[in-house]
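Let's take a friendly walk through this structure, from the place where its chains meet to some details of the backbone. Have the viewer open as you read.

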Amino acid sequence: MRQIDTQVVVIGGGATGVGILRDLSLRGIPALLLEQGDLAHGTSSRFHGLLHSGGRYVVKDGKAAQECIEENKILKKIAPHCIEETSGWFVYLKEDDPNYLQLWIKGCAQAGIPIKEVPLEAAFRLEPLLTRQATRVFEVPDATVDGFKLLWANLKSAQKYGGNYQTYCKVQSLWLENRQVLGVYAKDLITGEMIQVHSKIVVNAAGPWSSEIASMSGFDVQIQKDKGSLLVFNQRMFKRVINRLRKPGDGDIFVPHETVTIFGTTSHTVELADDHQVDEQDVTYLIGLGQNLVEEIEQYRIIRAFAGIRPLYESVDALDHEGRGVSRNFALIDHEQKDGVRGLVSIVGGKLTTYRMMAEKVTDWVAGKLEVPTECRTAEEPLQNELATAVWDKARQLLGAAAADKMMERLNEQAGSVVEAIARQPLLGQFVCECEMVTQAEVLHALQDPAVHSLDDLRRQTRLGMGTCQGAYCTYRATPLLQEAFGGWERTVKEYQILLGERWRGITPVLWGEQLRESELARALFLNVLGFKAEESVE
Amino acid sequence: MNEMWDAVVVGGGLAGWIAGIRAAQRDKKVLLVTEGVGTLFYFSGIFDYGDVVRLRHLPKHPYTLFKAQEITQGQRFVQEICPEYVMKDTPQFAFTVLGTVRQGDLMPRSMVLPDQQEQGEFVILVPEGLKDFFPKIVAANMAREFPGWQVNEKRMKVGTLSEWTQLGKSVTSIDYASIWRSEEGQRALTLEIDQLKREYREAGRSSNKLVVVLPSLVREYFDSSRSKPYKNEFSLPILEMSSFVPSPHGRYFAEYLKHMFTDLGGELMMGARAAAINGKARSGSQTKVCQELVVNSMGKPLHLKSKKFILATGGFLGGGIKVGMARKSIREEVFDLPLFVPEKWSEPQFFAPQPFAQIGVETDALMRPLDPVCGQVIWDNVHVVGRMLAHWDPWTQRCGGGVSVTSGYAAAELI
C-alpha cells in the first residue's frame, strides 16, 4: 500500500474541489485532491455554462442572488479568458405574472443587480429569433462561462503553488481514530493499487457523491440529487443569455456558447449520482417550453442532449423539499458540530457561479483549524497571467487569429511549447478538430499530461468531439496521436468505440432531422469507409 | 413542356444513375431530375453486395424482390460500364484508408489485395501533406494484416504543392486525385516509381515481389474521355487504397456516370426539386397512375409527363425521407408514400445495427409502392429504388452498392 502524507485531502475534482485546492495552495497549505474519475466529469461539466447575475434568484432567494452578483463581478475580473461577457436578458411575456415582475424589479434593486430596460423594438432587432410575445425586456450582467476552462485554470494555478491531485482515484473509506479524522484510504483505479493518505483535515467536496462519502463513516449528509436536462443546438441562436422573467421553472434559459446554444433545464429528483441519461420525453417537454421564447424552435437542429445532477442541500428546517423549492445556497457542514468528529468538513449545495466563494469559506475553516493566519487571495489574484505577446503573435502568424486566440485561451502559459512545435513542423498546425480548431500539436501536448488516460479524458481537455460532428471526424483525425500515446491498434479501436458510444448516448434522445443525417453519415464513415466491425445488438 | 418521356428518374445517386443509364442504353427517352449529387461523395470505390444468399433469406430484405439472376445482371452492368471492376466467386479484399483490410465485392482491379499467404513487399508512396492519411498507422496495420510482407514508406513531393505544404496546409485526396490526372502528376508518379525500382536494383535486391501502395484513385478507370489525355503504365505494380471522404472515387464516378448518361441521349435536369405530382385512379381500381411530376427549376414550375417514374431520392441521409422533430412527422418527400417505420427507433450501441435504418417504402416485386394497410399497389407506374426501399441497413449488412445497383438496373428493365 502506497502512503502519502499531506495536510489536507480534498475529495472531488469538480469546480468546488479544485477551487479549494487552489485556495489552499495559495495560502501555502499542502493539499492533495482525489477524484474518482476525470476532473469535471460530473456536475461541473454538465450545466448550461451560465455565469448568473443573480437575477434568477432575486425573488425566491435573496441571499443566493446577492452571492451570485458578487461572484459574477469577481470572476469576470479574475478569469476573463473563461468568460464571455454576453450580458443577459430577462424577457417578460404577455401571459406572465405581473406581480412577479414587480417583485423581480424590487429584488434586483435589493440584491444590487443593475438592470436596464431594453425597448422592444431594439430587442427584436438585436435578437431576431426572440418571440414577438415579449412585452418587456431587461438587461442584466449575466455572462457565459466555460466550465472546463475555468476548472483547468484553477488547477494549473493550484499546481503552480504546489497543489497536488490524482484522478481515477476513488476514496474507499475515511480513516478515523478516536473521533478524529486521520486521512482516507483510496484506490488507484488505473493500477489497482491501494493508497493510504494521512492528513489533518478531510474536505468532502464530492457534489452529488457527498452523501456517499459521508455515509462511509455513518454520517448523514442530506443531498437531494436533482437532475437537470439540457439540449445543445447547432447554432448560436442568441447573442445574449435569454431568461424568461417569471418564477424560475423548467425550460426558460438559453445560453449561447461559441457556435452552439445550450437550452434547459428540467428538474427531477433521482437516486443515482451519475444518472445522466436523458430520454425523448424530456426533450419534447423542453422543446414545448422553448417555443414560448423561440416560436420556430422545432426547425433548429439539436446536436445532443445531456444532463447534470444538482447536489441540492436539504437543511432540516427547510419547508419546501422539492427541486426548485430547495435553496440554491450552499452550506458548510462541520462534522465536529454535527457528528462529534474532528477534522472533517462537507461542502454542499451551491452553484458554479459561487464555486470560488464556497472554496473560500471552506479554506477559511481549514486555515482556522490548522491555525494558518494567511488571508484568502482568490478574489484578487487572476487565474492566468498576462500572456506573452510574442507567443501570441507567433501563434496568430502560424494559425490565424481565430484559431490562435482559442488555443491561447485553452493553453494559457503552456502555449509556448505548442507554438514552437508548429513553427518547427508546420503540418502539426493541421486541425484535428475543425469545430473547436484544435491542432495536432495541441493534442500531442495534451496527451503528455499524465492525467489523460483515455480519448474521453482528452475530449474534456481539448474539447475534441464536442462540436457539431460529435466525434465522427475528429476521432478519426486523432488516430495517429492516440496510437502513439496509448499504444496498439486494438486499444485505439477501443477508444474510438468508447468515445463514440458516449457521444451516442447524448444523441439518441434527439435522433431526427439533420442530426439523424449526421449520425447516419458517421455510421457510414466508420462501418463502411473505415471498415469497422458492427456490434451485435444486446436486447 | 408537353413532351412525353418514357421515364423520369427522380434522384441522382447511385441507383438513379444506374436506372437512367440502363434506360438510355435501351433507347428509352429518359429524363433524370436531381437536386444534388446524392451520397456518392463518400463512395469508398467499392460496391458492396454483402452475403447475398443470407440476406435473401431475411424476410422483406430488398434482395428478396429480385431473382438471383437480376442481381448478377446488375453486377455485369457495372462491369460493362466500368471495365476495370472485377468480381470473383471467392471474397476479395481491399485496404481501407487506415491500412486495415475490408471485404468488398465489386472493386477496381487495382484495389484487390494480393494473397495474404504469399510473401512480398509493400512500399507505401506517401504524398506530402495528404490530409487525413496517417502513414505510420497504415504501415503498422498493413504489417499486421500481412505477416509475411515487408512494409516500407516512401515520401514523395509534387512541385506545385510544395509551397502550400510548407505553410502547414494539408492537401485533400480530391486535390491529389486531380493532380494524378494531370500530365505533371503522372510524370511525378512515373519518376518516383522508376527511381524506387532503380534503388532496389542498385541495392542488389529483386523488385519482383514489390507492390507500390498508393492512397486512393491514381488509375483512371472512370474514363469519361473528355478531359483525360493520359493513360500511364508504371514500371511496378500499383495497389490503390479505397477512398476516405470527400471521396475522389465518388467525385469522378459521379462525373463519369453523368457523361455516360448524356452521351447515351439521356436528358438531365440538375438543381431541380420535385414539388408535386398529378395522377388519377384507374377505373375500377384503387391503384393510381401518375401522369406528371411538377418540379421547381430556376424558380419556375415545370410539368413533366411520363409513362414511368423512378423514385431514387435516397433515404433520410440522401434527403428523400424527412424526419421531423421528435419523429412527429416522417415523410417521403415526392409522392408522400407510406413508410415502414420501426417501432423501436435506435439501439444503445453506436456500432450496432440500427432499427431506424430499416425505414423506407415497402413495394411489390416490381418495386411499386404498397399500401401497408391493404397491401395494394398505390401507384401503378412508380418504381422505388435504392436507399428509399425499406428493411435493410447498408452499413451493418454491407450491401449498399448491391441493393442500389440491382434495384436501379431492374427498374430500368421495366421501362
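How many residue pairs are in polar contact across the interface of chain B and chain A, with both at pLDDT 80 or more? The rule finds 16 such pairs. Please keep in mind that this is a predicted model.

**Where the chains meet**

On the chain B side, the elements that give two or more residues to the surface touching chain A are α4 (135-145) and α5 (162-166) of chain B. The largest share comes from α4(B), with 4 residues. Sorted by class, the side of chain B that touches chain A has 24 nonpolar, 17 polar and 13 charged residues.

Counting contacts, 54 residues of chain B touch 45 residues of chain A. The size of an interface is often given as the accessible area lost when the parts come together. Here about 4,700 Å² is buried between chain B and chain A, and carbon and sulfur atoms give 63% of that area. If you would like some residues to look at in chain B, try Phe350(B), Phe351(B) and Trp395(B): they lose the most area to chain A, together 20% of what that side buries.

**Salt bridges**

The count over all chains comes to 72 salt bridges, and 6 of these are found across the interface of chain B and chain A. The table shows one pair from the interface and one from within chain A.

| Salt bridge | Distance, N to O |
|---|---|
| Asp132(B) and Arg477(A) | 2.4 Å |
| Arg244(A) and Asp96(A) | 2.7 Å |

The pair of Arg244(A) and Asp96(A) links distant parts of the chain, 148 residues apart. Arg244(A) sits in strand β16 (residues 241-244) of chain A, whereas Asp96(A) is in the loop between β6 (88-93) and α3 (98-111) of chain A.

**Two open sheets in chain A**

One open sheet has 6 strands in the order β10-β3-β2-β14-β22-β21 of chain A, with mixed pairing. Its edge strands are β10 (164-166) and β21 (330-334) of chain A, each of which pairs on one side only. From one strand to the next, the twist averages 20°. At the β10(A) edge, β3 (residues 31-34) of chain A pairs with β10(A) in the parallel sense over 3 bridges, and Leu33(A) stands opposite Tyr165(A) there. Helix α1 (residues 15-26) of chain A lies across β2 (8-11), β3, β10, β14 (201-204) and β22 (344-349) of chain A, and runs at about 170° to β3(A).

Another open sheet has 4 strands in the order β1-β13-β12-β11 of chain A, again with mixed pairing. Here the edges are β1 (2-5) and β11 (169-177) of chain A. Neighbouring strands of this sheet are turned by 25° against each other on average, direction ignored. β11(A) and β12 (residues 180-188) of chain A pair in the antiparallel sense over 8 bridges, and Glu177(A) has Gln180(A) in β12(A) as its bridge partner.

**Backbone details to look up**

Which peptide bond of chain A is cis, with omega near -5°? That bond runs from Gly264(A) to Thr265(A), and Thr265(A) lies in the loop between β18 (260-264) and β19 (268-269) of chain A. In chain B, the bond from Val245(B) to Pro246(B) is cis too, with omega near -15°; Pro246(B) is in the loop between β10 (238-240) and α8 (248-263) of chain B.

Two methionines have a positive phi: Met437(A) has a value near 55°, and Met298(B) has one near 45°. Met437(A) lies in the loop between β23 (431-433) and β24 (438-439) of chain A, while Met298(B) is found in the loop between β13 (288-297) and β14 (300-311) of chain B.

Definitions and conventions. Residues are numbered from 1 along each chain as its sequence is written. Chains are lettered from A and ligands numbered from 1 in the order in which they are written. This is a predicted model: local features need pLDDT of at least 70, side-chain atom pairs count only at pLDDT 80 or more; totals for chains, interfaces and linings use all residues. Side-chain values use heavy atoms; hydrogens and water are left out. Contact means heavy atoms within 4.5 Å. Buried area is the accessible area (1.4 Å probe) that two parts lose on being put together, summed over both. A salt bridge is a side-chain nitrogen of Lys or Arg within 4 Å of a carboxyl oxygen of Asp or Glu. A polar contact is a pair of N or O atoms within 3.5 Å; within protein, one must be able to donate a hydrogen and the other to accept it, and residues adjacent in sequence count only if both atoms are side-chain atoms. Ala, Val, Leu, Ile, Met, Phe, Trp, Tyr, Cys and Pro count as nonpolar, Asp, Glu, Lys and Arg as charged, and the others, Gly among them, as polar. Two strands pair if DSSP finds at least two bridges between them. Axes are lines fitted to C-alpha atoms, for helices over the stretch in contact, and angles run from 0 to 180 degrees between N-to-C directions.
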